Amino acid sequence: MLTRTAAKALAVLRYATGFVFLWAFLDKTFGLGYATPAAKAWINGGSPTKGFLSKIDVGPFQSAFHSMAGTWWANWLFMLGMAGVGLALVAGIGLRVAAASGSLIMAMMWFAEFPIAQHTATGAPSGSTNPLTDYHLIYAVVLIVLAAAYAGHTWGLGRRWAKLPFVQRNRWLI
């Protein structure tokens, strides 16, 4: 049972988290000049995954991530995931799917940065400040909490979405 204040706080958390995902999508698509300069924007021929994945220098999956860097399918899956999770959170619909998808994205990014490692492949310090819990895992937990608490029902379309016949038949879509 949630209090009204708790439901509103979760709605604010939902919007804020949704904006994190949408911002990453928008910045990488249009090169808004924050993490992605305009020249490297997806619409200008840049790759949303190449910069991050090709620079991974730590962890047991380093070579796997390098081979994915810049491939068309990795770019499309990453961008569709960021946009889909962000839109679902902002709208307050499909939070179970958004939680699963977003948590998978965050888990893969956690493995890419592999905070367990104290040193990179070259022997330099990795810069990891906590070997287990970092912001990727926090975001994954936030996504799961938002879905479990039906956070889309407050200031979102979640309540209406849940009443749709196809959602009633497919409860995993809530």
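How are α1 and α6 oriented to each other? I took this up as the opening entry, keeping in mind that the model is predicted.

**Entry: the helix pair.** I looked up the axes of helix α1 (residues 4–30) and helix α6 (residues 135–148), and found that they come within 11 Å and cross at roughly 130°. Angles from 115 to 145 degrees fall outside the roughly perpendicular and roughly antiparallel ranges, and α1 and α6 are therefore oblique to each other. I also noted the hand of the crossing, which is left-handed where α1 passes α6.

**Entry: residues in the contact.** On the α1 side I listed L10, L13, R14, T17, V20 and F21, and on the α6 side Y139, V142, L143, V145 and L146. Sorting the contact of α1 with α6 by class, I recorded 9 nonpolar residues, 1 polar and 1 charged.

**Entry: the largest nonpolar core.** I then turned to the largest nonpolar core, which has 23 residues, and saw that F21 and L89 touch the most other members. At least two residues of this core are supplied by each of α1, α4 (72–91), α5 (95–113) and α6, while the largest share, 7 residues, comes from α4.

**Entry: around L89.** Leaving out residues up to four places away in sequence, I found that L89 touches R14, T17, G18, F21, L95, L143 and L146. Of these, R14, T17 and F21 of α1 and L143 and L146 of α6 also belong to the helix contact I had listed.

**Entry: a second core.** Apart from the largest core I noted another, of 7 residues, with L53, I56, F65 and A112 among them.

Notes. Residues are numbered from 1 along each chain as its sequence is written. This is a predicted model: local features need pLDDT of at least 70, side-chain atom pairs count only at pLDDT 80 or more; totals for chains, interfaces and linings use all residues. Side-chain values use heavy atoms; hydrogens and water are left out. Axes are lines fitted to C-alpha atoms, for helices over the stretch in contact, and angles run from 0 to 180 degrees between N-to-C directions. Helices (H or I, at least four residues) and strands (E, at least two) are DSSP runs, numbered from the N terminus. Angles under 35 degrees count as roughly parallel, over 145 as roughly antiparallel, 65 to 115 as roughly perpendicular and the rest as oblique. A crossing is left-handed if the near helix is turned anticlockwise from the far one by less than a right angle, and right-handed if clockwise. Contact means heavy atoms within 4.5 Å. Ala, Val, Leu, Ile, Met, Phe, Trp, Tyr, Cys and Pro count as nonpolar, Asp, Glu, Lys and Arg as charged, and the others, Gly among them, as polar. A nonpolar core is a set of buried Ala, Val, Leu, Ile, Met, Phe, Trp, Tyr and Cys residues joined through side-chain atoms within 4.5 Å. Buried means under 20% relative accessible area, exposed over 50%, partly exposed in between (1.4 Å probe, protein chains only).
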